[in-house]
Every structure is written in C-alpha cells, then in structure tokens.
Amino acid sequence: MTAGRELFWQIEPQEVFSWLRWAAVVVFGLGWLRLLVWVRSGRQAGELPTVRLGWVRALAEAALHSRFKPGVAARIWHVLVFYGFLSLLVVTLCVMASHAGMSFLFRGKIYLGLTLLAEVAGAGLLAGALLALADSLRRPREGRRKFEKVSALLLLIFICLSGFLVEAERIALAADPWRGWSFVGNFLSHLLATSGVAVSMGFYETLWWLHAVVSLCFVAWIPFSTGLRHLLFAPARRADTALRPVSQPPQADLNSVRLAEPGLEPVRLGMRASRDLTPRQRASLLACMDCGRCERLCPAFQTGQPLSPRKAIRDLAGSSGPQSLLRRVGLGIDRSEVSPAEAVSRSALWACRLCRACEETCPAGVEHVPLVLDMRRAEVLCQGRLPEAAAQALRNLARTGNPYGAPPAERLRWLKDEGIPEKPVGGQSSWLLWIGCLASGDDLKLRVISAWVSLLRKAGVSFYVLREQASCCGEPARVLGDEDLFQTVAKSRIRSLAQAGAEKILVHCPHCYSILRDAYPALGADFLVVHTSAFFRQALQEGLLRVSPEEQGKSGPGRVAYHDPCFLGRYQGLYDPPREILAAVSGVYPLEAARHRKGSFCCGGGGGHFFMDLDAGERPASRRLEELLGLGAEVLSVSCGFCHAMFDDAARRLAEAPPARIADWLELLQERTVPGSAGKALLAG
Ligand code: SF4
Ligand code: SF4
C-alpha cells in the first residue's frame, strides 16, 4: 500500500477554507507591500558609495545565527522558532501544491518524510515558543510592547498545540495506518483515548477550523506586527550594512543649497519629522526585533543615563513608523505628529556618545548613529535647542577656532618652543602634522605633541605644522548637530590646506582622522590622510625607528593594557597597529579587557560629551577605568586625547591613586625608541 492520506479529511465546505486562505495571502501581501512602499518613499540623502554585506552573507548569518552568542538562551529559542517555522512553511506549501493537483507531493516516501518533518518542526517550534515566552516575561519591557510580543507567542503556542490535537483526533478517528510517522500526534491520540477526553468527529471538525482560522490570521498579521516584521527587514538591513562603516556620511552642502533656485525642494536639515527619514533609516526602524542587545554595551544605558538604544528605536518606530489603518483614519488615536526628538526624548538624544557599540552588536543591522545625528541636526539647525555646555563649545569654536576657547596666540607658543617648521622643508616628501585641538593648551596634550615630534625627528621624517591648521577640524560641530558651523570650519581648513600645497597629512586624534578621511573629501578635499598608528608601525617595520631600552638606559613599561577608542576601532577598523606598537615597546602583546576591539566599552567622551557634563549617575570613564585596572596592568595605554583626559579625570575621582600610569602609546613609543639604521625609506620619501 502506498503511504498517504486524504487531504482535508472530513472537512466541509472546503471552498470556505480556500477563500479564507486567499484572503490571508492577500492581506499578507498587501501588508508587506505597504511597508516596502513606505521604506522606498523615504527622503533621499547623500550616501557614499561603499561595499555592502550583500544578501548571500546576510542570509548565511541568519541561517547560522552567527550574530547571536553561542549558548545564549535567545539563540536557542530563536533557532527552534526559526527552523520550526520555516519547515512547517515548506510542509504547508507542499500540502497546498498537492491539493492543487501535484498529488505526488503527498504520496509514498515524500509523504512519510514530510510527516516526519512536520512532527519534528512542530515540536521544535512549540519548545522554542515556550522558551521565548519565558524569556519575554522575564525581560523588562514597556507594557504595550510586552503585550504584543507575549500575544504573538501565545498565538504560536496555540497553533502548535491545536495542530497536534487535530492530528491526534484524526489518527484516532481514521485509524491511520501510518500513524507511527506522526509520533507526537500518535502519542497524543493514545493519551486522549486512555484519559477519556472527547474523541469525536464534532470535536475534530471544530478544532480543525479553529486551528486553520487562527493560523491564517497569524500569517496575515505578520507584516502588521512590530515584533514579526523583522522576518524580512532584519536580513534586508544586514544585507545593506556597509562593510566599513561610513563614519561621516556626506550632508547637503548648505551654502550651495542656500543659493539654489526658489521652488526647489527645501534642504534636508536633519530629521524634523517622519517624512525626513531616509529609506535606510526607515528599514532600520522596521528591522528592530526589540531584543535589547544594543543596551549591553551602551555606555549611557549601562551607567544609568536616560538612553536605551532599543527603546529609542522602538519609540521612533512607534511615532514615525508606517501608520496603522486605525491611526490613518484617526480612530481614537491622537493624530498630532510629535517630532522624532520628542518621541525619543531630548535627554536620550543628548546622552548618546555616537560610539557605535549598539550598531556593532545589533543582529538586525539597525544603524542608530545616523538617526541620532539627524535628530540632533534638526534640533540645533531648526530649533536652536541644545544643552548649554554644548552651545558654549560651539560658540568657542566659531570665535577662537577651538571648542575650548583657548586664545590662538597662547595655544601656538609651543610651535616656536619645539622649533617646528611652519612650511614644508622636504618638498613633496614633507608630512603635514594635523595637530587639531591637541594644540589647545594643557600639559597632557603638549606631552603627546612633544612625543610625536621627537619620534618623527628620530625617524628622520620631514614634517611641518601649518600655524592656521593648529585648530579644530570641526568635529564637535558635526557631532553636536551644527552642520552649518561644521561646513564653514571644514571649508576654511580645506582651503588653507590646499593653498599651502599639503598633500600628505599625518593625524593622531581618531576624531580628526575620521573627519579628515571621511568628511572632508565630500567638501572638496583631496589629501592622503594617514593615522599615526599605521605610520609608526610601518616606521618600526622599515627600521626607521628601533626599540632599544638599553641604549636609553630605561626599564620596560611593564604590562600594558590597551583601550580601543571608538572612533579609531569601530569607525576606522584600526585595532592592530596600536597593539603591535605596544607589543614592540613592551615585548609582549598588551593585556585585553573582556570588552575589547569591536566590543570595547566607550570612555563616554564621544558625541560631544567631552564638552558637556550631562552625566547624572556613574561616569562611563569610571566604569571602564575600573575594568582596565582590574587587569593588573602597570600602564593603561590610550590612543585618543578624549579617552586620555576622561580616564585622567576618572582616576582623580578614585579614593586612592590608581596603581597604573595612563599614557598615550606615542609617549611609550618615544620613551623606548632610538633612531633606526634604515636609510630613506618609503615613509620618509
Ligand atoms: S552610539 Fe553608543 S552611546 Fe549611542 S546609543 Fe549606541 S551604544 Fe549608546
Ligand atoms: S536595535 Fe538591534 S540590538 Fe537593539 S533591540 Fe533592536 S534589533 Fe535588538
């Protein structure tokens, strides 16, 4: 006898089911279409062409769950639900195809295989949904969101249980000869028979219809559910993720826009309303699955400040996402549009450090930083609303060329003291040192400049500093939302660099490096920009510098721990050069904190926070310093002036003097090196 069974056994009228099925398919399709149209109709903004992850890798990630940490409960239940759901979808499609005439799909060995698959998948889906329910009940979530997630899971659990019960009833009533393959249904049918629970045609038919209607409603609801629509948008967002983050996406040139013809579309000044969201930002809002992983490395959230990147995305999706039918017709729901900044809350908006830790950990490829920057722009450019300390830093920048307000004459005295040339001495071979705000005064910064200059002299590298360039690159204005001031500053710097004939620029500050490398080209700059860590690593490799503590009569720095600055690591991918330099200096690879490289914890000084003290509770720098001191290192090495000052400040707040020295790697390298024996090499030439 060929294995198989009658489809829709004892179910009448089958036409009703067919209509319901088509209705579900139409609602499902229209639901997705509505979301896709909403995403595509986002406002276009300048984007740099960049290599993206692509669908193949995004789907491989989804299939392997590689963005989940192994062994974590969320990974286990997501694997069960994901594969359970997919397998049942395949079985259902085969049933439909068989019903439509391809009867071979539900006969013989294929039938037995599909039956077995349905059993395993159903059991896996049920187990996964139960685990997910327990996980969701445990997590702190806002009331409405918890309700929506829990209801989706309860529906899924009901669908699995009712499916198994329908099967058990059918097996008992039809005396199915292939019952052994439906091992869960078979077991349940025995249980029903022995416990005396109703086994009757009426009960079977009622349960069948209930199961079918709830399943179809669930499918139709998927694109309308904020918790389920990530099914499509999360892989789509991951596929669209830039392989190298675009640290400074180009903005409209405000000057050229001011001169634009009347009648042209007004310039996009950040995100004033939901209509200003770009297609990528819209897809980000739909991709979020409310998992909360972005909160784990967020320096603001982890130190009790009023920002949760998860909640910010959900709030933004709630206020600026595609409107539900009820909202569109205004049925009992307030239709007045709140601005994105209000929806997220201004305190959350200004608490962000732009560190990108959230983006790096997000399994759905949500990009938080462009959203935060766009909301800040709208607040500053359109409303003039920003924290007073930030406004003061911007006034200083506009007045004195640096956000600290240090008078130009005072901050350039060191140029003469150090005997630094102010124009190229070696023609094309001369490197322009981009000093930026390091020139603004305090001893800590001057120590770093002095080490940098000595190293170049030892390496025999020709360099100079342009007096008018020893000022801010404009980064504080950009991250604090004043794009107008940023562009004014940036254009002035680009102009004077071009007039001086600068071709090669050496930068130490990771913030300046990101701006010079990624933002200036969009405003017309065309220079080679190199970071000091890459430069001095090459100088060591090529023998321009030699580590020789004996010749200097110095003992080693001891064990060194290294802190990754967000703007050098997560933004620029420069993780290895500073580590390799420190390994050369101390003889061993630096100690690694549990949170390092992409998963490093921000010092709290990014996103303009170096200039404004908004920290209500614990400071991120104190939390990070504690973690680094816990490694037992004798030196904590940094690679950014902001991190350096933040840790120095955190160290001063400790009850006792910290047991480790805090130093820039440039200082350590300078202390341990002598001129190398190599002649003129690539770097110098
Ligand atoms: S960029 Fe950093 S500070 Fe801002 S939300 Fe993300 S993790 Fe938090
Ligand atoms: S933004 Fe990403 S990490 Fe954060 S809750 Fe949403 S999906 Fe999870």
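1. Let's start with Gly-124. In this predicted model, setting aside residues within four places in sequence, Gly-124 is in contact with Leu-80, Tyr-83 and Gly-84. Gly-124 belongs to helix α4, which covers residues 108–138. Is Gly-124 buried or exposed? Gly-124 counts as buried because 21 other C-beta atoms lie within 10 Å, and the cut-off for that label is 20 or more. Should you want a distance to check in your viewer, the C-alpha atoms of Gly-124 and Cys-160 are 9.7 Å apart, with their positions 36 residues apart along the chain.

2. A second glycine deserves a look as well. Gly-436 sits in the loop between β1 (431–434) and α21. Gly-436 has 26 C-beta neighbours inside 10 Å, so this residue is buried too. What does Gly-436 touch, once residues up to four places away in sequence are left out? The list is Cys-472, Cys-473, Cys-509 and Cys-512. Gly-436 also lies 8.6 Å from Val-507, C-alpha to C-alpha, with a sequence separation of 71 residues.

3. Just before that loop comes β1, and you may like how its side chains are arranged. Trp-431 and Leu-433 are buried on one side of β1, while Leu-432 and Trp-434 are buried on the other, so that both faces are covered. As background, side chains in a regular strand alternate between the two faces of the sheet.

4. Which strands pair with β1? One partner is β2 (residues 463–464), joined to β1 in the parallel sense over two bridges; here Leu-432 has Tyr-464 as its bridge partner. The other is β3 (residues 504–507), also parallel to β1, over three bridges. Across that pairing, Leu-433 stands opposite Leu-506.

5. Now for the nonpolar cores. The largest one has 137 residues, and Trp-434, Leu-455, Val-507, Leu-516, Leu-636 and Phe-647 have the most contacts inside it. Helix α21 (residues 443–459) supplies the largest share of this core, eight residues. Apart from it lies another core, of 28 residues, including Tyr-111, Ala-121, Leu-156 and Ile-159. In general, nonpolar side chains of soluble globular proteins tend to be buried together.

6. Next, ligand 1. Which residues come closest to ligand 1? Of the 16 residues that surround it, the closest are Cys-298, Pro-309, Cys-352, Cys-355 and Cys-358. Three elements each give two or more residues to this shell: α11 (299–302), α16 (357–361) and α17 (368–383). Sorted by class, the shell around ligand 1 holds 13 nonpolar residues, one polar and two charged.

7. Ligand 2 has its own shell, of 13 residues. The closest of these are Cys-288, Cys-291, Cys-294, Arg-310 and Cys-362. The class split around ligand 2 is nine nonpolar, one polar and three charged.

8. Finally, some whole-chain figures to keep at hand. The protein chain has 685 residues, of which 44% are buried. Its secondary structure comes to 30 helices and nine strands. How much of the contact map links residues 24 or more positions apart? Among contacts with a separation of 6 or more, such pairs account for 81%.

Conventions
Residues are numbered from 1 along each chain as its sequence is written. Chains are lettered from A and ligands numbered from 1 in the order in which they are written. This is a predicted model: local features need pLDDT of at least 70, side-chain atom pairs count only at pLDDT 80 or more; totals for chains, interfaces and linings use all residues. A residue is near a molecule or strand if its C-beta atom, placed from the backbone, lies within 6 Å of it. Helices (H or I, at least four residues) and strands (E, at least two) are DSSP runs, numbered from the N terminus. Ala, Val, Leu, Ile, Met, Phe, Trp, Tyr, Cys and Pro count as nonpolar, Asp, Glu, Lys and Arg as charged, and the others, Gly among them, as polar. A nonpolar core is a set of buried Ala, Val, Leu, Ile, Met, Phe, Trp, Tyr and Cys residues joined through C-beta atoms within 7 Å. A residue is buried if 20 or more other C-beta atoms lie within 10 Å of its own, exposed if 12 or fewer, and partly exposed in between; C-beta atoms are placed from the backbone. Two residues are in contact if their C-beta atoms, placed from the backbone, lie within 7 Å. Two strands pair if DSSP finds at least two bridges between them.
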